[in-house]
Amino acid sequence: MSQPPYIRPEFERELPPLRDVAVEAPLPLGQRLWNMAWLRKTFIVLLVLALWEIAARVQHNDLMLPGVLQTWHAFSEDMRNGELPQKIINSLSILLKGYLIGSVLALVASALAVTTQFGRDLLSTLTAMLNPLPAIALLPLALLWFGLGNASLIFVLVHSVMWPIALNTWSGFSGVPETLRMAGRNYGLSGPRYVVTILIPASLPAILSGLKIGWAFAWRTLIAAELVFGASSGQGGLGWYIFQNRNELFTDRVFAGLVTVIAIGLLVEGVVFASLEKVTVKRWGMQR
């Protein structure tokens, strides 16, 4: 006869309540400070500035590599006399025009690509042809077509902005789950309403990434175009400010212009795009 299966005896032990142990323990001050993203980024910036100052002191040649203090004095002086603010306004006014036009054209092209087969073929062909083409290479043609003016700069800015934003937007549209697409079609959405109501909210992380890349491309293109093109209609921007001071061997002012470009980029990234992500994709749980 087979033996009956062994039945393990069960025991029940009551654990004493943990009355004297804190369930939540506050984090140490150092860890709480390190958890602040803005503080970590500030530390990185200060570290870069310290390395810059050390390198300048080792070089000991203000013409080749001015230090942080010399650059700050040049920056403060040109901010007080109004030269640098005027250059910033000139550059930002042209940059925003080209960036907005390129962003709108990219969104329209992506929406056309997601709704029609011809639009998909058109977008894929144009991006394969024009995206590898450097925007600054079109500057001679822009000067020939539009003459000496802001229109030439805006033309090359639109070219530099449109294709990365269109590619990211199209990639985001393509990654929208089929469940959301079917839900939109069941509600009778089509055309622009389908794109605005379903596709754009679902692909917003990719769109924001494309906007960031487009902003960086626009900055680089504008500064490079102003370095080559110079002043536009008698009013130069930050690129012309850097180029002019380089010719006059004011290296501290050259670095002041470069620091201004970096500071504006950090401000847009840390305030504009970060706030937009906070109220959209992070609030919706689409991004950590």
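Reader: Which residues does I136 touch, not counting residues up to four places away in sequence?
Author: This is a predicted model. In it, I136 lies in the loop between α5 and α6 (139–146). Leaving out residues up to four places away in sequence, the residues that I136 touches are A224 and A225.

Reader: Is I136 buried, partly exposed or exposed?
Author: Buried means under 20% relative accessible area and exposed means over 50%, with partly exposed in between. I136 has a relative accessible area of 33%. That value makes I136 partly exposed.

Reader: What distance separates the C-alpha atoms of I136 and V156?
Author: Along the chain, I136 and V156 are 20 residues apart. In space, their C-alpha atoms are separated by 6.7 Å.

Reader: Where is I154, and is I154 buried or exposed?
Author: The place of I154 is in helix α7. Its relative accessibility is 17%, and the cut-off for buried is under 20%. I154 therefore counts as buried.

Reader: Which residues does I154 touch, if residues up to four places away in sequence are not counted?
Author: I154 belongs to helix α7. With residues up to four places away in sequence left out, I154 touches I94, K97, G98 and I101.

Reader: How far apart in space are I154 and K212?
Author: In sequence, I154 and K212 are 58 residues apart. From C-alpha to C-alpha, the distance between I154 and K212 is 18 Å.

Reader: Are α3 and α4 roughly parallel or roughly perpendicular to each other?
Author: The axes of helix α3 (residues 68–80) and helix α4 (residues 83–115) come within 4 Å and cross at roughly 80 degrees. Angles of 65 to 115 degrees count as roughly perpendicular. The relation of α3 to α4 is therefore roughly perpendicular.

Reader: Which residues meet where α3 contacts α4, and how do they divide by type?
Author: From α3 come F75, D78 and M79, and they meet E83, L84 and P85 in α4. By type, the residues of this contact are four nonpolar, no polar and two charged.

Reader: How is α4 oriented to α11?
Author: The axes of α4 and α11 come within 7 Å. They cross at roughly 135 degrees. That makes the orientation of α4 to α11 oblique.

Reader: Which residues of α11 meet α4, and how many residues of the contact are nonpolar, polar and charged?
Author: On the α4 side are E83, L84, K87, I88 and S91, and on the α11 side L238, W240 and Y241. The residues of the contact of α4 with α11 divide into five nonpolar, one polar and two charged.

Reader: Why do the buried residues of α5 lie on the same side of the helix?
Author: Helix α5 (residues 117–130) has 14 residues and reaches 20 Å from its first C-alpha to its last. In α5, the buried residues are G119, L123 and T127. They are on the same side of α5 because they cover an arc of only 55 degrees around the axis.

Reader: What covers the buried residues of α5, and which residues are exposed on the other side?
Author: The cover over the buried residues includes α4 and α7 (150–174). On the other side of α5, the exposed residues are F118, A128 and M129.

Reader: What arc do the buried residues of α9 cover?
Author: Helix α9 (residues 191–202) has its end C-alpha atoms 16 Å apart, which agrees with the span of 16 Å that its twelve residues should have at 1.5 Å a residue. Its buried residues are Y194, V195, I198 and L199. They are on the same side of α9 because the arc they cover around the axis is only 120 degrees.

Reader: What do the buried residues of α9 pack against, and which exposed residues does the face turned away carry?
Author: The buried residues of α9 pack against α4, α7 and α8 (178–186). The face turned away from the buried side carries the exposed residues P192, R193 and V196.

Reader: What phi does H60 have, and is H60 buried or exposed?
Author: H60 lies in the loop between α2 (37–59) and α3. Although H60 is not a glycine, its phi is positive, at about 55 degrees. With a relative accessible area of 71%, H60 is exposed.

Reader: What phi does L249 have?
Author: L249 is found in the loop between α11 (238–247) and α12 (251–279). At 58% relative accessibility, L249 counts as exposed. L249 is not a glycine, yet its phi is positive, at about 60 degrees.

Note on methods:
Residues numbered from 1 in each chain as written. Predicted model: local features only at pLDDT ≥ 70, side-chain atom pairs only at ≥ 80, totals over all residues. Heavy atoms only, no water. Axes fitted to C-alpha atoms, helices over the stretch in contact; angles between N-to-C directions. Helix = DSSP H or I, 4+ residues; strand = E, 2+ residues; numbered from the N terminus. Parallel < 35°, antiparallel > 145°, perpendicular 65-115°, else oblique. Contact = heavy atoms within 4.5 Å. Nonpolar A, V, L, I, M, F, W, Y, C, P; charged D, E, K, R; others polar. Expected span 1.5 Å × (residues − 1). Buried < 20%, exposed > 50% of the residue type's maximum accessible area, 1.4 Å probe, protein only. Arc of directions from axis to C-beta.
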